[in-house]
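Student: Could you take me closely through one part of this chain? Please start with a strand and work outward from there.

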Amino acid sequence: MRKDDQLEDQIRQFYENVPDVADSLPLKDYLLKHENNQMAWYLLGKQYAARGEEAKANYCFGQAGPIYEAFEARANPLLSVQGEAAPKPARRSRLRRAVSLLGAALVVAAAIALPGGRAAAPTEADGTAPQAQAEAPPAAASPSGTPAAPEPAPPAATAPPSGGFAYVAGAATPEADGMQALGQLLTAEAGGTESLLVQAPALGKWTDWVGSGKPLAKVAMYRSDAAAAIDWYDPRWCPCGTAQDPTEPQQAVADWKPLQEGKLMLRSAMLHYKERTGSWPKSPEELAGAYPANAVAGWSEDLGAWFAELREELEKVDGAIPKTVGWPDASGTTAQGIGMPAGSLASMTEHPLRIIVDKKNYRLAVVSGNVLIRNYPVGLGGDKTPEGTFVITEKVRDPNGRSDGAFGSRGMTLSDTLYAIHGTDEPDSIGKDDSLGCVRMGKEDLEELYDLVPLGTQVTIVKEGLPTTLRIPEERFRLTPAQDETNPHKTYNWLG
């Protein structure tokens with residue numbers, strides 16, 4: 001049978017046995033062009049298994065051949081029935097073989113490309129056959145020029161000389177998005193570097209930023225032909241049943257997260273500056289100026305490095321001014337902040353910060369895309385608090401010259417109205433409808449919010465929709481004040 005006829009026959013069988021593929025279009029489209037890609041069949045089978053559609057899953061697993069055995073750590077039951085099951089190799093061998101195959105095949109799992117254009121898919125021109133046995137790394141030449149003997153397997157990964165990660169990808173569960181996030185890391189162009197897969201729990205429809213960070217796996221890319229190794233940190237995720245000590249990567253993620261918040265704040269500030277003025281900021285002083293030019297509440301050495309990196313990209317124009325600003329990931333005072341958010345955390349690199357106020361649950365959340373960065377308790381005014389969309393048009397420290405007055409130590413005016421987000425000298429009013437329409441916050445929460453969200457941040461007040469679970473980190477986000485942000489020439493009469 002000619003190859004074209006075989007492909008048509010397999011497509012026919014695919015539609016006859018797995019007709020409902022509306023939710024698996026990337027896999028379906030890939031399979032129609034790469035009929036022998038066993039990893040694609042395995043991944044599609046896992047999707048159907050997660051939905052409880054056993055017959056469809058089993059058909060896909062039957063097409064997956066040894067890939068099923070490699071990842072499930074057991075023989076493929078469909079092959080066993082036909083007497084075709086091969087002797088089970090050791091778990092380490094199964095995992096290494098699967099990882100090598102992933103380098104050529106798992107790109108189909110990356111239905112959502114990694115930010116920054118780093119995702120790359122092997123093509124037929126690469127000469128990588130999905131069913132080929134894994135090859136050893138190419139022999140390295142000795143100083144004399146004589147090829148050295150090839151090593152049987154790469155050693156355990158070590159951190160790249162520059163430190164940091166290529167990506168830090170979030171995933172909630174293996175069944176929901178874990179395999180897709182792992183596929184993104186394994187198919188990224190990040191030769192010689194490491195990436196982390198971390199748990200990012202779901203909080204309703206949101207990805208929980210404060211609760212994220214538990215290390216699940218480390219992916220190390222060894223060669224340009226995408227050979228990789230995986231170190232697992234959570235036995236519940238590990239296909240080999242063993243896990244390594246997560247202490248070191250746990251600390252690395254803890255150091256990495258606050259720095260990403262700074263990048264997110266800076267990127268948001270630059271986007272809002274462009275919205276207000278029509279041009280990109282040319283210097284840090286245009287963002288961190290004295291009132292009323294205090295788009296951000298302070299500055300730091302890291303912010304300076306990231307700003308310079310982003311400005312350099314914005315100046316690379318070919319007859320057109322860039323419409324957006326990227327994500328700084330090549331600079332900073334230390335390597336601790338290197339590593340682009342990916343997986344379920346990727347929307348942080350694409351969306352500015354915004355605020356949502358939930359009147360029913362007395363919550364104020366800071367979000368970026370689908371990632372919930374903070375969730376604070378607030379006091380409101382019931383029907384006196386208007387619903388709708390506003391923007392922060394003014395930020396001021398010590399309104400009316402006091403840090404302990406009716407408006408507390410910070411105030412942020414909403415769309416040039418008498419409504420504002422501010423502090424209170426009645427802390428017991430938090431969680432109640434005691435205000436005249438404004439949003440009241442506790443001192444620590446307000447001061448962190450003031451530093452975190454720049455001028456121009458969108459504020460949406462809704463009836464309900466936020467989780468009740470508070471999300472406030474132990475280590476607060478703080479900026480060092482750069483200019484005078486007080487306004488002694490104005491008496492504030494917010495509705496309180």
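**A strand and its surroundings**

Tutor: Start with strands β2 and β5 (residues 214–221): they run antiparallel and are joined by six bridges. Keep in mind that this is a predicted model. One bridge is easy to find: glutamine 199 has lysine 214 as its partner in β5. Now look for another partner of β2. Strand β1 (residues 167–171) pairs with β2 in the parallel sense, over four bridges. There, leucine 197 of β2 has alanine 169 opposite.

How many of the six residues of β2 are buried? The strand spans residues 194–199, and six of six are buried. Take the two faces in turn. In a regular strand, side chains alternate between the two faces of the sheet. On one side of β2 sit Glu194, Leu196 and Val198, all buried. On the other are Ser195, Leu197 and Gln199, and these are buried as well. Both faces of this strand are covered.

Move a few residues along the chain to β3. Strand β3 runs antiparallel to β4 (residues 206–208), with two bridges between them. Alanine 202 and threonine 207 of β4 stand opposite each other. These two strands begin an open sheet of 10 strands, in the order β3-β4-β10-β9-β8-β15-β11-β12-β13-β14. Its pairing is mixed. Which strands stand at the edges? They are β3 (202–203) and β14 (439–440). Each has a single partner strand, so one side of each has no neighbour in the sheet.

Next, step into the loop between β4 and β5, where tryptophan 209 is found. Aromatic pairs are worth a look here. The chain has four of them. In one of these, tryptophan 209 pairs with tryptophan 256. A pair of rings is described by the distance of the centres and the angle of the planes. For these two tryptophans, the centres are 5.9 Å apart and the planes make an angle of 50°, a tilted pair. Tryptophan 256 belongs to helix α9, and 47 residues separate the two partners, so the pair links distant parts of the chain. Are these rings buried or exposed? The relative accessible area of tryptophan 209 is 1%, and buried means under 20%, so tryptophan 209 counts as buried. Tryptophan 256 also has 1%, so tryptophan 256 is buried too. Tryptophan 209 has a charged neighbour as well: lysine 257 lies over its face, 5.1 Å from the ring centre.

A further tilted pair joins tyrosine 492 and tryptophan 494, with 4.7 Å between centres and 40° between planes. Both of these residues are buried. Together with Phe407 they form one aromatic cluster.

Now look at the nonpolar core. In soluble globular proteins, nonpolar side chains tend to be buried together. The largest nonpolar core of this chain has 81 residues. Leu287, Ile355, Leu364, Val366, Ile421 and Leu449 touch the most other members. Helix α9 (residues 247–277) gives the largest share, 10 residues. A second core, separate from that one, has 11 residues, among them Leu44, Tyr59, Cys60 and Ala64.

Pick valine 366 and follow its contacts. Beyond its neighbours within four places in sequence, valine 366 touches residues including Leu353, Ile355, Val371, Ile373 and Tyr376. Leu449, Leu452 and Val453 are also among its contacts. Leu449 and Leu452 are two of the buried residues of helix α11. That helix covers residues 443–452, and eight of its 10 residues are buried. The buried set includes charged names too, such as Asp445, Glu447 and Glu448. Tyr450 is another of the buried residues. The charged end of lysine 395 sits over the ring of tyrosine 450, 4.0 Å from its centre.

Finish with two loops and one peptide bond. Aspartate 398 has a positive phi, near 45°, without being a glycine. This aspartate is in the loop between β11 (388–397) and β12 (410–414). Serine 415 also has a positive phi, about 50°. Serine 415 sits between β12 and β13 (420–422), in the loop. The peptide bond from tyrosine 291 to proline 292 is cis, with omega near 5°.

Key:
Residues numbered from 1 in each chain as written. Predicted model: local features only at pLDDT ≥ 70, side-chain atom pairs only at ≥ 80, totals over all residues. Heavy atoms only, no water. Core = buried A, V, L, I, M, F, W, Y, C linked by side-chain atoms within 4.5 Å. Buried < 20%, exposed > 50% of the residue type's maximum accessible area, 1.4 Å probe, protein only. Contact = heavy atoms within 4.5 Å. Pairing = 2+ DSSP bridges. Phe/Tyr/Trp six-rings, centres within 6.5 Å; stacked < 30°, edge-to-face > 60°. Lys NZ or Arg CZ within 6 Å of the ring centre and 35° of its normal.
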